[in-house]
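Subject: Structure for you to look at

Hi,

Here is the structure I promised to pass on. Please open it first, then read my notes below.

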2 protein chains.
Amino acid sequence: MQDILFDFISKYVTLTEDEKNAILSLNIFHSVKKGTILLKEGQKSKESYFVLKGCIRAYYISDGEEKTTSFYTEMEGFTPPCVVSKTPSEYYVSCIEDTILTISNSDMEAEVNSKFPKFETICRLMAEELLAKQRIDFDAFKTSSPEQRYLNLLQKRPDLIQRVPQQQLASYLGITPQSLSRLRARIIEKSKG
Amino acid sequence: MQDILFDFISKYVTLTEDEKNAILSLNIFHSVKKGTILLKEGQKSKESYFVLKGCIRAYYISDGEEKTTSFYTEMEGFTPPCVVSKTPSEYYVSCIEDTILTISNSDMEAEVNSKFPKFETICRLMAEELLAKQRIDFDAFKTSSPEQRYLNLLQKRPDLIQRVPQQQLASYLGITPQSLSRLRARIIEKSKG
DNA sequence: ATAACTCTTTCACTTAAGTTAAGAAATGAT
DNA sequence: ATCATTTCTTAACTTAAGTGAAAGAGTTAT
């Protein structure tokens with residue numbers, strides 16, 4: 001299981017056995033059931049997540065409505081904004097499938113960072129890469145219609161459309177479930193000619 | 001002028017005089033005229049920007065249309081995605097006002113990072129903070145209408161509405177210039193009662 | 001197995017954004 | 001200062017998303 005994590009890290013830096021053991025000794029691997037809530041609104045947290053298997057969802061509640069902002073699946077990591085800003089969380093994080101993930105603590109990371117500067121490099125590179133990736137996603141979102149966004153998702157992350165409930169998907173696409181349903185019907189109609 | 005930069009950095013770490021001099025010796029301060037294009041589509045670049053005074057804009061061209069994705073003003077930094085991904089740029093970056101900024105090179109940064117680990121920490125913290133901030137902006141964009149987005153911008157960055165041409169602002173808000181114009185008229189109409 | 005719930009689809013109606021076109025205002029160049 | 005070009009606004013029309021309501025599918029619990 002941990003091999004998935006080390007394979008991922010190897011994209012950024014090469015680790016010695018000592019360094020790998022330092023990570024393993026932290027006991028960060030967890031297996032959680034579908035529906036588990038990892039973080040609630042108002043909570044203070046220092047935890048970051050990295051999904052090895054399964055899917056977690058970030059959302060917030062506004063006017064009694066769940067607004068789904070992101071999904072993280074295999075090989076994707078997520079540090080909730082509240083961990084960075086050190087303020088109570090505005091977001092919920094929950095597992096929409098049985099999930100295996102690592103949960104790491106920012107204090108713990110700070111300690112590892114100072115012992116092994118290489119980790120700081122990993123974190124910096126990952127943050128920079130995610131920033132660029134998110135920038136591109138944001139720009140694509142801005143410049144396209146709901147229909148284009150759905151088609152784009154179908155191309156880029158077809159798995160999500162299978163494994164995620166429609167209403168969460170609709171919210172993720174910035175539209176209502178009704179619009180998503182209608183939009184899909186329209187696409188099928190078009191493809192028939 | 002450089003004090004602006006050091007004041008900014010002091011939010012993240014405390015620098016010694018030696019460290020400050022190391023930065024100054026790199027000769028990163030530049031003054032550029034309105035309209036100057038800092039980065040073009042297709043170009044390979046390793047340059048990051050930090051605005052001390054003025055405003056720069058990132059955009060790309062699709063179907064002959066400029067799509068404005070972001071503005072950076074005083075105390076804001078920007079590393080184009082192409083620098084991170086090491087591929088030719090999809091974006092243009094230009095100055096919409098006479099601007100004073102720092103332009104730094106990623107090779108240079110790597111060297112400084114290895115000499116002064118503190119810099120790596122600055123870069124990591126900045127990237128993490130920007131990532132969280134951008135996440136929040138993205139989520140707000142997704143869950144609000146063009147009108148709400150305009151009103152939100154009016155609150156959060158009223159200066160942009162003054163200093164940026166309408167068509168660039170419209171594109172930034174993900175709508176057409178006509179819609180922005182109409183939407184503003186609607187808001188004024190409402191405020192009259 | 002069935003009842004209770006939740007999720008998804010469909011419909012009719014309202015509202016606002018995209019589109020095309022034309023006129024008004026602002027900007028820049030000579 | 002004038003003219004030309006670009007930018008911004010207004011209008012009429014088309015298209016699609018939001019809303020509220022209700023029916024059909026799919027789940028879960030008892």
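A polar contact is a pair of N or O atoms within 3.5 Å. B:Arg186 fits that: a polar atom of its side chain is 3.1 Å from a phosphate oxygen of DNA strand C. Keep in mind that this is a predicted model.

**The DNA side**

B:Ser179 also reaches a phosphate oxygen of strand C, with a polar side-chain atom 2.5 Å away. A:Gln167 uses its backbone instead: a polar atom there is 2.9 Å from a phosphate oxygen of the strand. There are 15 residues around DNA strand C, and A:Gln167 and B:Ser179 are among those that come nearest. By type, the residues of this surface are 3 nonpolar, 8 polar and 4 charged. Helices H8 (166-172) and H9 (177-192) of chain A each supply at least two of them, and so does helix H9 (177-192) of chain B. On the DNA, 66% of the strand C atoms within 4 Å of the protein belong to sugar or phosphate. The rest belong to bases.

**Salt bridges**

The structure holds 28 salt bridges over all chains. Look at B:Arg163. Its bridge to B:Glu97 has the closest N and O atoms 2.7 Å apart. B:Glu97 sits in the loop between strands E7 (92-95) and E8 (99-105) and B:Arg163 in helix H7 (residues 158-163), so the bridge ties together parts 66 residues apart in sequence. B:Arg163 also bridges to B:Asp159, at 3.2 Å. These two are 4 residues apart in helix H7 of chain B, so about one helical turn separates them. B:Arg163 is partly exposed, at 23% relative accessible area.

Best wishes

Definitions and conventions
Residues are numbered from 1 along each chain as its sequence is written. Chains are lettered from A and ligands numbered from 1 in the order in which they are written. This is a predicted model: local features need pLDDT of at least 70, side-chain atom pairs count only at pLDDT 80 or more; totals for chains, interfaces and linings use all residues. Side-chain values use heavy atoms; hydrogens and water are left out. A residue is near a molecule or strand if one of its heavy atoms lies within 4 Å of it. A polar contact is a pair of N or O atoms within 3.5 Å; within protein, one must be able to donate a hydrogen and the other to accept it, and residues adjacent in sequence count only if both atoms are side-chain atoms. Ala, Val, Leu, Ile, Met, Phe, Trp, Tyr, Cys and Pro count as nonpolar, Asp, Glu, Lys and Arg as charged, and the others, Gly among them, as polar. A salt bridge is a side-chain nitrogen of Lys or Arg within 4 Å of a carboxyl oxygen of Asp or Glu. Buried means under 20% relative accessible area, exposed over 50%, partly exposed in between (1.4 Å probe, protein chains only).
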